[in-house]
Amino acid sequence: MHKRLKIIFVMLVSLVVILSACSSDNKEEKDNNIKQSKSKNELNLSSGDDIPTMDPSLAADQVSFTTFAQTLEGLYVLDKDDKPIPGVAKDKPKKSSDGKTWTIKLRDNAKWSNGDPVTAHDFVFAWQRSVDPETAAEFAYMFENIENAKEITAGDKKPEELGVKAIDDQTLEIKLIKDVPWMESLLAFGSYMPQNEKFVKKHGDKFGTTDKTTLSNGPYKLTEWKPEDRWKLEKNEEYWDKDKVKVKEVNTKVVKNTQTAINMYQTGKLDMVGLDAQNVKKYKERKDFSTESTSGSYFFRINKEKNENLKNEDLRKAIAKSIDKKSYVD
């Protein structure tokens, strides 16, 4: 299994209580009426939602970003401990003395699934497109650590003035508004994925809406996508680190009902399934039951226009004070 395929295990199920099958003749598993999947080198999963978009500039949801983690590769990727390691980048960035200018060398063997080389220009084009007000990217604010990004999204400067430049095909320069210690991790985020300018412009508004208008530079490529039904990822033979990709095919079925997904798991159509609270007691003694710990951040957006009570500043302060900020930070 590729190091980042593990992300799918946690992200594609709605809950972290799961049943997962393994190849075994264990009597206990037979007694549980588990029909083992006949697949040899593939993974069969379910998702409660379809992929909204495969356009990194427009994506703002968990399913899209989980799929990006397998089909696209940024300058850096996160390892099993969530630490950034080189992806398309050859090594760690070279930083100026004030930490505001980063120079990153790219691998010369990184390719898109159509055989095109992945270059520094692909990152420049992608990031400029994301901050361009005409793109209307919901996550444009993710680029605000980069010089001029905030002014561009506000319409005060042009996308070409973004603080990113291709020195040559294999050298990218990034100018930050300040030293950002976590920037390497941020560069692994889905919004920062490269985009092939020629391919994007060829497909226009259709880019990222079908398997035929999607291009990959990561370990997998999207080869089938039936809206609200299923999608398939297959090993990308053009990927620079393809020898480490052991699972050749990942099939995901859109299943909105948990019980339906459990039934599919029981009959060997799925290799794992997430459980809702009402099913935990029923299945928790089984050998194939396990839990996964995850973390996440959430925030309140206060709508003072639709709720008269929330116009009261003291009430809003009370809500803010109810959050144990020290525990959260610790």
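A cavity is a set of grid points where a 1.4 Å probe fits but cannot get out. The exercises below use a predicted model.

**Exercise 1. Cavities**

Find how many cavities of 30 Å³ or more the structure holds, and give the volume of the largest.

*Solution.* Start with the count: there are three cavities at this cut-off. Next, take the volume: the largest cavity comes to about 80 Å³.

**Exercise 2. The lining**

Classify the residues that line the largest cavity as nonpolar, polar or charged.

*Solution.* First, list members of the lining. Among them are Met54, Leu72, Trp112, Phe199 and Phe207, together with Gln195, Asn196 and Thr214. Then apply the classes: Gln, Asn and Thr count as polar, since they are in neither the nonpolar nor the charged set. The full lining divides into nine nonpolar residues, three polar and no charged.

**Exercise 3. A strand pair**

Determine the sense in which strands E7 and E8 pair, and what joins them.

*Solution.* Locate the strands: E7 covers residues 164–168 and E8 covers residues 171–175. They pair in the antiparallel sense, over four bridges. One bridge sets Val164 against Ile174 of E8. The connection from E7 to E8 is a hairpin of two residues.

**Exercise 4. The cores**

Identify the residues with the most contacts inside the largest nonpolar core, then trace the contacts of Leu187.

*Solution.* The core has 60 residues, and Leu75, Trp127, Leu172, Ile174 and Leu187 have the most contacts inside it. Helix H4 (residues 120–131) gives the most to this core, with seven residues. Now set aside neighbours within four places in sequence: Leu187 is in contact with residues including Leu75, Trp127 and Ile174. Another core, of twelve residues, lies apart from the largest one; Leu19, Ile262, Met264 and Tyr265 are among its members.

Conventions. Residues numbered from 1 in each chain as written. Predicted model: local features only at pLDDT ≥ 70, side-chain atom pairs only at ≥ 80, totals over all residues. Heavy atoms only, no water. 1 Å grid on protein atoms, 1.4 Å probe; cavity = no way out; pocket = protein on both sides within 12 Å on 5 of 7 lines; lining within 4 Å. Points joined across faces, edges and corners; volume = space filled by probe spheres on them. Pairing = 2+ DSSP bridges. Core = buried A, V, L, I, M, F, W, Y, C linked by side-chain atoms within 4.5 Å. Buried < 20%, exposed > 50% of the residue type's maximum accessible area, 1.4 Å probe, protein only. Contact = heavy atoms within 4.5 Å.
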